[in-house]
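Subject: Structure for your files

Hello,

Please find the structure below, with my notes after it. Residue names in the notes can be followed along the sequence shown.

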Amino acid sequence: MLVYSHRPEVRESIIEAVGRRPAPDVGRVTYTEASGIAEVLAACDAGEADLLVLDGEAQPTGGMGVAKQIRHEIIDSPPIVLTVRRRDDRWLATWSEADAVLVHPLDPIEAAEVVAQVLRDARAGTLTRS
């Protein structure tokens, strides 16, 4: 799982909230951290990320824009979970074509459940994208 934010403390909060084993049936997750868009795109191009968790507030390129770019430029892109600061910004995740949204401050139970469900859906081939 790749976690993208320009801020190390945001990456850490995402990793801590999701945990190493979000659900027993999805197994243990291994994290790769990315602080720039080039790292995210390289990991996607190489097929190294089974799930992306993108910070919608990352700078200079926000996770919403990165998600949109990945959806339009990478065939068979990995599933994407977007984090936002305001609940009102959830609609932007729809525009960015993210598979799920989490709102800061992250609730560890919700974060683990959302990530686990996206992983399950991806493995089952049942992700629905706009």
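Two terms are needed for what follows: buried means under 20% relative accessible area, and a contact means heavy atoms within 4.5 Å. Please keep in mind that this is a predicted model.

Overall layout

The protein chain has five helices and five strands. Along the sequence they follow the pattern β-α-β-α-β-α-β-α-β-α. The radius of gyration is 13 Å, close to the 14 Å that the globule rule gives for 130 residues, so the protein chain is as compact as a globular protein of that length. Along the principal axes, the C-alpha atoms fill a box of roughly 35 × 30 × 25 Å.

Of the 130 residues in the protein chain, 52% are buried. Among contacts with a separation of 6 or more, 64% are between residues 24 or more positions apart. The exposed surface of the protein chain comes to about 6,600 Å², and carbon and sulfur atoms supply 50% of it.

The annotated region

UniProt, in an unreviewed entry, lists residues 1-119 as "domain: Response regulatory". Over residues 1-119 the chain is 42% helix and 16% strand. The end C-alpha atoms of that stretch are 10 Å apart.

Helix 5

Helix 5 covers residues 108-124. What should its 17 residues span at 1.5 Å a residue? The expected value is 24 Å, and the end C-alpha atoms are 24 Å apart, which agrees.

The N-terminal end of helix 5 is capped by Asp107, where a side-chain oxygen lies 2.8 Å from the backbone nitrogen of Ile109. Just after the helix, Gly125 takes a positive phi of about 75°.

Which residues of helix 5 are buried? They are Ala111, Ala112, Val114, Val115, Ala116, Val118 and Leu119. These buried residues pack against helix 1 (8-18), strand 4 (80-84) and strand 5 (100-103).

Cis peptide bonds

The model has a cis peptide bond from Gln59 to Pro60, with omega near 5°. Pro60 is in the loop between strand 3 (52-55) and helix 3 (63-73).

His104 and Pro105 are also joined by a cis peptide bond, with omega of about -5°. Pro105 sits in the loop between strand 5 and helix 5.

Positive phi outside glycine

Asp76 is not a glycine, yet it has a positive phi of about 55°. Its place is in the loop between helix 3 and strand 4. Glu97, also a residue other than glycine, has a positive phi near 70°. Glu97 lies in the loop between helix 4 (90-96) and strand 5.

Are these two residues buried or exposed? The cut-offs are under 20% relative accessible area for buried and over 50% for exposed. Asp76 has a relative accessible area of 74%, so it counts as exposed. Glu97 has a relative accessible area of 13%, so it counts as buried.

For a look at the model, the places to visit are the cis bonds at Pro60 and Pro105, then Asp76 and Glu97 with their positive phi values, and finally the cap at Asp107.

Regards

How values were computed. Residues numbered from 1 in each chain as written. Predicted model: local features only at pLDDT ≥ 70, side-chain atom pairs only at ≥ 80, totals over all residues. Heavy atoms only, no water. UniProt positions renumbered as here; feature names shortened; annotations may be inferred. Helix = DSSP H or I, 4+ residues; strand = E, 2+ residues; numbered from the N terminus. Expected span 1.5 Å × (residues − 1). Buried < 20%, exposed > 50% of the residue type's maximum accessible area, 1.4 Å probe, protein only. Polar contact = N/O pair within 3.5 Å; in protein donor to acceptor, adjacent residues only side chain to side chain. Rg over C-alpha atoms; globule rule 2.2 N^0.38 Å. Areas by Shrake-Rupley, 256 points an atom, 1.4 Å probe, with all protein chains shown as cover.
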